[in-house]
Amino acid sequence: MIGAGIAALSIALAAAVAYAAHAAVERRRMRTLFRVSLRVGSTIKRKELLRIIMETAEKTLRAEGSSIILLDKERQELFFEVATGEKGDEVREIRLRMGEGIAGWVAQTGESVLIPNAAKDPRWSNRVSNRVGMPTRNMLCAPIVSNGETLGVLQVINKKRNGTFRRSDLRLLELIASPAAVALENMLLYEALVKSMETLRETTAAKERMESELKIAQDIQRSFLPGDAASIARVELAARLQPAREVGGDLYHFIELGEERLLLCLGDVSDKGMPAALFMSGLMIWIQAKAKAYDSPAAIVADINREVSDEDSTMFATMFLAVLDARTGRLRYCDAGHCTPYLLGEDGAATPLETSKHLPVGVFEDTEYEDREIVLSPGQSLVLYTDGITEAESPAGEWFGTNGLIEALSSCGGLSPREAADALVARVQSFSEGLPPSDDIAVMAVKYGKI
């Protein structure tokens, strides 16, 4: 009996040790993936992004080289934009057919592979290795897939110190490919936006170009908006956007970050019309790309500011960006020169939110931003707006102003966010008595605790 007890105890101890070791490995893997996600989410500029992804994969997997092979949808071919390693630049002109070689097979099937001996694999094509004079001993290859669509293939070759890749390495490469896919999708969206605008400017006549640009710009703007309402846990949200022209520069965004956290953003570009629409659409993509890179709203705003600041550009945007924890009501926020938000109680009492004002994004690249924090009470709402609300004019030339805003909000205390946003816009329109708006209008109402 004693012997049996000792044996059972030994088995239990061994199982506990094995479980602890597995848990430690998973924690290390998650920390690695978190660092990778931060790096690949740091930019959407093509060459910089591709190099970051490859260098990260190469370093993480301790490989001698790596490459991203992108898919040319029109030609159904794979091509090397850039590649790391000593011979990386020499493979850029090579194009592979779908199904050709191991990378082509992975792109065609959507399956990852671990190749312990490349030369003996029947799918192996030596076109690349012969071109660069770098033999491939072993390799890992994983598809980069976003929303069910293959964007390309990520591969690493030759484990350093004549080592061999393992199944755990392949799993890690697949994990790296996941945030890489999101970053590449954002990059392609941004490039498509820029390309569409450039094509319009180059290929259409003056009047036709104006009409086409406005129509397409409207479609582009609408495509980037996340909808006009959302709810998550104890939070309900509604937003309204009314351009003064066919297209405008006001923007709003909200993104679920996981763990019942919600990113909120409302901004106002310094211009109107086509230039503002282009700048606004670019900001929307940058917000999407940076949303999960940092816990701090100020860090997100600062990173976006570094990306969009250009000494040759006169465009800038005010912005209020916050992260709301739907479980606790904790709101962390950063104010980049935007209109002061209001906190609205169910009794209609409206009080300005205390903020630290900073320069708008796009003014100076090295501008520093800081966070503030409050905890919303159950039933309390946060109301964001642009200056198209307070600067709306009556036929007598009077402004709606802060007093008009507070008075309008006083009747919105018990309303839902959708009703409150509609009521505020309707009050401004009534004040203007049918005059065309002189500026874009954007409103977002966020209610915590009672849905």
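**Exercise 1. Take stock of the chain.**
Task: State how many helices and strands the protein chain has, and what share of its residues is buried.

Solution.
Step 1. Count the elements. The protein chain holds eleven helices and 17 strands. The model is a predicted one.
Step 2. Turn to burial. Of the 451 residues in the protein chain, 51% are buried.
Step 3. Look at the surface. The accessible surface is about 21,600 Å². Carbon and sulfur atoms own 51% of that area.
Step 4. Check how far apart in sequence the contacts reach. Take the contacts with a separation of 6 or more. Residues 24 or more positions apart make up 67% of them.

**Exercise 2. Follow strand β5 and its partners.**
Task: Find which strands pair with β5, and in which sense.

Solution.
Step 1. Locate the strand. β5 covers residues 139-146, and seven of its eight residues are buried.
Step 2. Take one partner. Strand β4, residues 113-115, runs antiparallel to β5, and three bridges join them. Ile115 has Met139 of β5 as its bridge partner.
Step 3. Take another partner. Strand β6, residues 149-159, pairs with β5 over eight bridges, again in the antiparallel sense. Here Met139 stands opposite Ile157 of β6.
Step 4. Put the pairs together. Met139 is matched with Ile115 and also with Ile157.
Step 5. Inspect the turn. Two residues lie between the strands in the hairpin of β5 and β6. Asn147 has a positive phi there, near 55°.

**Exercise 3. Compare two residues with positive phi.**
Task: For Gln76 and Asn158, say where each one sits and whether it is buried or partly exposed.

Solution.
Step 1. Start with Gln76. Its phi is near 50°, a positive value in a residue other than glycine. Gln76 belongs to the loop between β1 (63-72) and β2 (77-83).
Step 2. Classify Gln76. The relative accessible area of Gln76 is 39%, so the residue is partly exposed.
Step 3. Move to Asn158. Its phi is near 60°, also positive and also in a residue other than glycine. Asn158 is part of strand β6.
Step 4. Classify Asn158. Buried means under 20% relative accessible area. Asn158 has 1%, so it is buried.

**Exercise 4. Lay out a five-stranded sheet.**
Task: Give the strand order of the open sheet of five strands and name its edge strands.

Solution.
Step 1. Write the order. The sheet runs β9-β10-β11-β12-β15, and its pairing is antiparallel.
Step 2. Find the edges. β9 (250-258) and β15 (372-375) each pair on one side only, which makes them the edge strands.
Step 3. Add the twist. On average, neighbouring strands of this sheet are turned by 15° against each other, direction ignored.
Step 4. Recall what holds strands side by side. Strands of a sheet pair through backbone hydrogen bonds.
Step 5. Look at one pair. β12, residues 330-336, meets β15 over four antiparallel bridges. Within this pair, Arg332 stands opposite Glu373 of β15.

**Exercise 5. Examine the loops around β15.**
Task: Place Ser356 and Gly379 in their loops, and decide whether each is buried or exposed.

Solution.
Step 1. Place Ser356. Its loop lies between β14 (350-352) and β15.
Step 2. Judge its cover. Ser356 is buried because its relative accessible area is 17%, and the cut-off is under 20%.
Step 3. List what it touches. Leaving out residues up to four places away in sequence, Ser356 touches Asp335, Glu370 and Arg372. The side chains of Ser356 and Arg372 form a polar contact of 3.0 Å.
Step 4. Place Gly379. This residue is in the loop between β15 and β16 (381-385). Its relative accessibility is 1%, so Gly379 counts as buried.
Step 5. Look across the chain. Gly379 and Val235 are 144 residues apart in sequence. Their C-alpha atoms are 9.7 Å apart in space.

**Exercise 6. Describe helix α8.**
Task: Give the span of α8, its cover and the residue that caps its N-terminal end.

Solution.
Step 1. Take the span. α8 has twelve residues, 297-308, and reaches 17 Å from first C-alpha to last. That is close to the 16 Å expected at 1.5 Å a residue.
Step 2. Judge the cover. Ten of the twelve residues of α8 are buried. Among them are Pro297, Ile300, Asp303 and Val308.
Step 3. Find the cap. Ser296 caps the N-terminal end of α8. A side-chain oxygen of Ser296 lies 3.2 Å from the backbone nitrogen of Ala298.

Notes. Residues are numbered from 1 along each chain as its sequence is written. This is a predicted model: local features need pLDDT of at least 70, side-chain atom pairs count only at pLDDT 80 or more; totals for chains, interfaces and linings use all residues. Side-chain values use heavy atoms; hydrogens and water are left out. Buried means under 20% relative accessible area, exposed over 50%, partly exposed in between (1.4 Å probe, protein chains only). Contact means heavy atoms within 4.5 Å. Accessible areas come from the Shrake-Rupley method with a 1.4 Å probe; for residues, only the protein chains shown count as cover. Two strands pair if DSSP finds at least two bridges between them. Axes are lines fitted to C-alpha atoms, for helices over the stretch in contact, and angles run from 0 to 180 degrees between N-to-C directions. The expected span of a helix is 1.5 Å times one less than its number of residues. A polar contact is a pair of N or O atoms within 3.5 Å; within protein, one must be able to donate a hydrogen and the other to accept it, and residues adjacent in sequence count only if both atoms are side-chain atoms.
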